[in-house]
Amino acid sequence: MRSAVGLAAVAEGAPIDRTPRERILLAARDLFYRHGIHAVGVEAIAETASTNKMTLYRHFRSKDDLIVAYAQQLANEGDEVLDRILAENTDCPQRQIAAWVDFVEDVLTNKRERGCALANAAVELEATHPARAVIEAYKQRKHDRLVGLFRAAQYRDPDLLADEVFLLFEGARISIQCGGKGPALRVVGMLRGLLASRPKAA
């Protein structure tokens, strides 16, 4: 009999009309995010995806390979979100920054937010796990793009500002996991205040 968790995940994220690989990835990301990577076995993922372990292993040689694919999919989506935000405001770096802060606000106020899925995964994985390299590369890429954005907006010390903004956002998402949304919801005001107070190049 399919579990209640499995039924919910299929209903919300893994429709039957998707390919088996797509359903497996959707099921994995739902279960990994809600329950943690170590707590979820391939049997539960296969069941939630309305398939079986044989099919899962046909697409992913091991659970570790599935974890890497999961991390890469999330990283790609994160890149695409930032690409879209920047592409909508190409003529004005300041508007790009404002749009990104609006996105941060949307993330932190989302009722389903349980912290950053990639950060959650990194905590569970050994330093040598191949998915860690995917996660670390994405986080570095995100930081570097913020540096470029702040430099284009003519902030005097874009590297330092990117460090501070990055830590505020990442820290807020971790705070949600530990103590609810109260402190995290103040981060957007802190970000806007920080960006407004930092000096621009002459």
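Is Tyr155 buried or exposed? Tyr155 counts as buried, because its relative accessibility is 5% and the cut-off for buried is under 20%. Keep in mind as you look around that this is a predicted model. The protein chain has 202 residues, and 43% of them count as buried. Let's start with the whole chain and then visit a few places within it.

**The overall picture**

- The protein chain contains 11 helices and zero strands.
- Reading along the sequence, you meet the pattern α-α-α-α-α-α-α-α-α-α-α.
- The C-alpha trace of the protein chain spans about 65 × 35 × 30 Å along its principal axes.

**Aromatic pairs**

- A pair of aromatic rings is described by two things, the distance of the centres and the angle of the planes.
- The count of aromatic pairs in this model comes to three.
- One of them joins Phe32 and Tyr70, with ring centres 5.1 Å apart and planes at 75°. Planes over 60 degrees apart count as edge-to-face, so the Phe32 and Tyr70 pair is edge-to-face.
- This pair links distant parts of the chain, since Phe32 sits in helix 2 (residues 20-35) and Tyr70 in helix 5 (residues 63-87), 38 residues apart.
- Both Phe32 and Tyr70 are buried.
- Another pair is made by Phe150 and Tyr155: their ring centres lie 5.8 Å apart and their planes are at 80°, so this pair is edge-to-face.
- Phe150 is buried, with a relative accessible area of 1%, and Tyr155 is buried at 5%.
- Tyr155 has a further neighbour to look for: Lys200 lies over the face of its ring, at 4.8 Å from the ring centre.

**Helix 2 up close**

- Helix 2 is made of 16 residues. From its first C-alpha to its last it reaches 22 Å, close to the 22 Å expected at 1.5 Å a residue.
- An α-helix has 3.6 residues a turn, so residues three or four places apart point the same way.
- Which residues of helix 2 are buried? They are Arg23, Ile24, Leu25, Ala27, Ala28, Asp30, Leu31, Phe32 and Tyr33.
- Just after helix 2 comes Gly36, which takes a positive phi of about 100°.

**The largest pocket**

- The volume of the largest pocket is about 990 Å³.
- How many residues line the largest pocket? There are 34, and those that lie nearest its centre are Arg29, Leu74, Glu77, Ala117 and Arg173.
- Several helices give two or more residues to this lining, among them helix 1 (4-13), helix 2, helix 5 and helix 9 (158-179).
- Helix 5 supplies the largest share of the lining, with eight residues.
- By type, the lining residues divide into 15 nonpolar, four polar and 15 charged.

**Helix 7 and helix 10**

- Helix 7 is mostly covered, as six of its eight residues are buried.
- The buried residues in helix 7 are Ala117, Leu118, Ala119, Asn120, Ala121 and Ala122. You have met Ala117 already, among the residues nearest the centre of the largest pocket.
- Further along, Ala184 lies in helix 10 (residues 182-185).
- Ala184 is buried, with a relative accessible area of 1%.
- For a sense of distance, try finding Ala184 and Leu74: they are 110 residues apart along the chain, and their C-alpha atoms are separated by 22 Å.

Notes: Residues are numbered from 1 along each chain as its sequence is written. This is a predicted model: local features need pLDDT of at least 70, side-chain atom pairs count only at pLDDT 80 or more; totals for chains, interfaces and linings use all residues. Side-chain values use heavy atoms; hydrogens and water are left out. Rings of Phe, Tyr and Trp (its six-membered ring) pair if their centres lie within 6.5 Å; planes under 30 degrees apart count as stacked, over 60 as edge-to-face and the rest as tilted. Helices (H or I, at least four residues) and strands (E, at least two) are DSSP runs, numbered from the N terminus. Buried means under 20% relative accessible area, exposed over 50%, partly exposed in between (1.4 Å probe, protein chains only). A charge sits over a ring if NZ of Lys or CZ of Arg is within 6 Å of the ring centre and within 35 degrees of the ring normal. The expected span of a helix is 1.5 Å times one less than its number of residues. On a 1 Å grid over the protein atoms alone, a cavity is a set of points where a 1.4 Å probe fits but cannot get out, and a pocket is an open set with protein on both sides within 12 Å along at least five of seven lines; lining residues have an atom within 4 Å of a point. Grid points are joined across faces, edges and corners, and a volume is the space filled by probe spheres set on the points. Ala, Val, Leu, Ile, Met, Phe, Trp, Tyr, Cys and Pro count as nonpolar, Asp, Glu, Lys and Arg as charged, and the others, Gly among them, as polar.
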